[in-house]
Each structure stands twice: as C-alpha cells, then as structure tokens.
Amino acid sequence: MEVPILRQGQYLIASIQSALTDADLSHLREALIAQVGRSRCRGVIVDVTALDVMDSFAVRTLRDIAHMARLRGAETVIVGIQPDVAFAMVQLGLTLKGVATVLDLEEGLAFLDGRTKERGLDLTKPKRPSGRG
Amino acid sequence: MGEELRLPIAADVDVVEARQQGRALAAVAGFSSGEQTVIAAAISEIARNILMYAKKGEIILSLVQNGDRQGVSVVAIDQGPGIPDIDRAMQYGYSTSHGVGAGLPGAKRLMDEFEVDSVVGRGTTITMKKWRRAI
C-alpha cells in the first residue's frame, strides 16, 4: 500500500491510510526524502492517525525520516499518534526522541509555520524588501 | 477454546496479517483496545524476528485459560539458525541485524509470560502469553 504524498505550499504531507508493511515504510522514507529535495520543501508532516500499531521498525523509520529530512533542510513533524499506540510504544520502550510530535494535522501545520519562520526559510515571503523605493 | 490459528510468516505482509489476527483474537478474549494494541505490537516484533533471522516460520495464536483468567497465547516457531546467546538477545538495545534491538526484549516487556527455546542450527520457539486483568 503506497502512502500518498501531497504537497501543500512549502510542505509535504504524507497521510498513512492503512496498516503498512516494512517495505511500505521504507518506500515512504525514500519517497519523502527524494521529494524534499525535488520540491524544496521546508517541512514534512507524517500523519499516522490510521496506524493502529507502531512497532520498533515503524518508530525507527519515522525517526530516520525526520533526521534525513533535517539533513536535507526540512523539518518533520509526526501527527496523530493514537492513545493506544502511544501506550504500547511506551511499554515497548520506544521513543521518538528528537522528533517533533503534535496532536493533529492542524497543529502540525502551525508547528511547521513556526519553525520555518524561526529559521528564516519562509519562501512564500521575500526575506528583504525587494523594492528600491 | 483450544482452537488455534496458524499463520505462516515468510514475507513482510505476513507480519501485518499476524498482528491483525492477534488483535482480533485479543478482542475476542475481551482485552481492552489498549491491550489489543500491546499484543499486536508484541506479535509484530517476534514475527519480524522470524523474517530477519530465519526467513520463514510460523505464528500460532490461541486463546488460553487458567482458572477463571482468560488470555492469549502466541507461539513463534522457526527452523532458522537459532540464537547463540539468548541472554544477549534479550538485552534491550542489543541487535545483530542493525535493528533497534527492541525485538525480543520489547516483546517480553509487553507480555506477561515469555519463554525462548532455541537450539543453534535447529531453530527457535518463542512462547508468550498475556492474561486479562481480573475485573
């Protein structure tokens, strides 16, 4: 099952629709990292609302996505971790250390807006006034 | 009761299938949705272990009862290389396959009972159970 990746402004949104195999997850990682460069994205949102389990491989892949995207100049935020999934992750001893997580898509977009402005990377507005006047 | 579900594990889609079947069985046994997720995650870890180390094997799911306690039993069997150093394999963060090392110790944390029986060159059998908390 391929994960659709949508582009919204300067951000990529990968919205996971169903259970994913390890191969699907690896494919998502590669597709996202390639697309970050191709479309000069400043942010990546991975929406995991539909995931009903996150095991060590899924958590590692999400962490890899975030770290690799950062090396390519984009911030990543994971949105929509379900309460039961969070419960099992904590019991498994899995953390998403160093990876931003917020409740939902709306907060994810707000988070990325904040981060891009902070880093002075907002491409939607010119950095300096370009007029001569 | 007594009925078991045998699931072959030979590809990564089988890992997904095994954890989904495990969740369904845990629901039948009356586990909460949080505990169903925990059981599904544990199955995912040991099923992946089969794929990584033995390439193929089997997961056997069944309902179990102990007095008035109900539970789920998960048995993972493979004829792979076996685990040379079980103590080490059970150390959290130790991995021989560039994983995160959460596989076996992670699954153990999630379940109530966990047993590893492994013979080098012959294969590995992991038996784990989770019991429903008394209401």
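**View 1. Helix H3(A) packs obliquely against helix H2(B) in this predicted model.** The two helices pack at an angle of about 50°. An angle that is not under 35, over 145 or from 65 to 115 degrees counts as oblique, and H3(A) and H2(B) are therefore oblique to each other. Their axes lie 8 Å apart. The crossing of H3(A) and H2(B) is right-handed. H3(A) brings Asp84(A), Val85(A), Phe87(A), Ala88(A), Gln91(A) and Leu92(A) to this contact. H2(B) meets them with Ser33(B), Gly34(B), Thr37(B), Val38(B) and Ala41(B). By class, the contact of H3(A) with H2(B) has six nonpolar, four polar and one charged residues.

**View 2. Chain A meets chain B through residues that include three helices' worth of contacts.** Chain A gives 18 residues to the contact, and chain B gives 23 residues. On the side of chain A that touches chain B, the elements giving two or more residues are H1 (22-38), H2 (56-71) and H3 (83-92) of chain A. H3(A) supplies the largest share of this side, six residues. The chain A side divides into nine nonpolar, four polar and five charged residues.

**View 3. Helix H4 of chain B is largely enclosed.** H4(B) spans residues 103-110. Six of its eight residues are buried, so the rest of the structure largely encloses this helix. The buried residues are Gly103(B), Leu104(B), Gly106(B), Ala107(B), Lys108(B) and Leu110(B). Their cover includes elements of both chains. From chain A come H2 and H3. From chain B come helix H2 (33-54), helix H3 (86-89), strand E4 (113-119) and strand E5 (123-131).

**View 4. Strands E2(B) and E3(B) form a hairpin.** E2(B) covers residues 57-66, and E3(B) covers residues 69-78. The strands pair in the antiparallel sense over ten bridges. In one of these pairings, Gln65(B) has Gln70(B) in E3(B) as its bridge partner. Two residues lie between the strands. Gly67(B), in the turn, has a positive phi of about 65°.

**View 5. Strand E3(B) also pairs with strand E5(B).** This pairing is antiparallel and runs over eight bridges. Val74(B) has Met128(B) in E5(B) as its bridge partner. E5(B) is also among the elements that cover the buried residues of H4(B).

Terms used:
Residues numbered from 1 in each chain as written. Chains lettered and ligands numbered in written order. Predicted model: local features only at pLDDT ≥ 70, side-chain atom pairs only at ≥ 80, totals over all residues. Contact = placed C-beta atoms within 7 Å. Helix = DSSP H or I, 4+ residues; strand = E, 2+ residues; numbered from the N terminus. Nonpolar A, V, L, I, M, F, W, Y, C, P; charged D, E, K, R; others polar. Buried ≥ 20, exposed ≤ 12 C-beta atoms within 10 Å, placed from the backbone. Pairing = 2+ DSSP bridges. Axes fitted to C-alpha atoms, helices over the stretch in contact; angles between N-to-C directions. Left-handed = near helix turned anticlockwise from the far one by under 90°.
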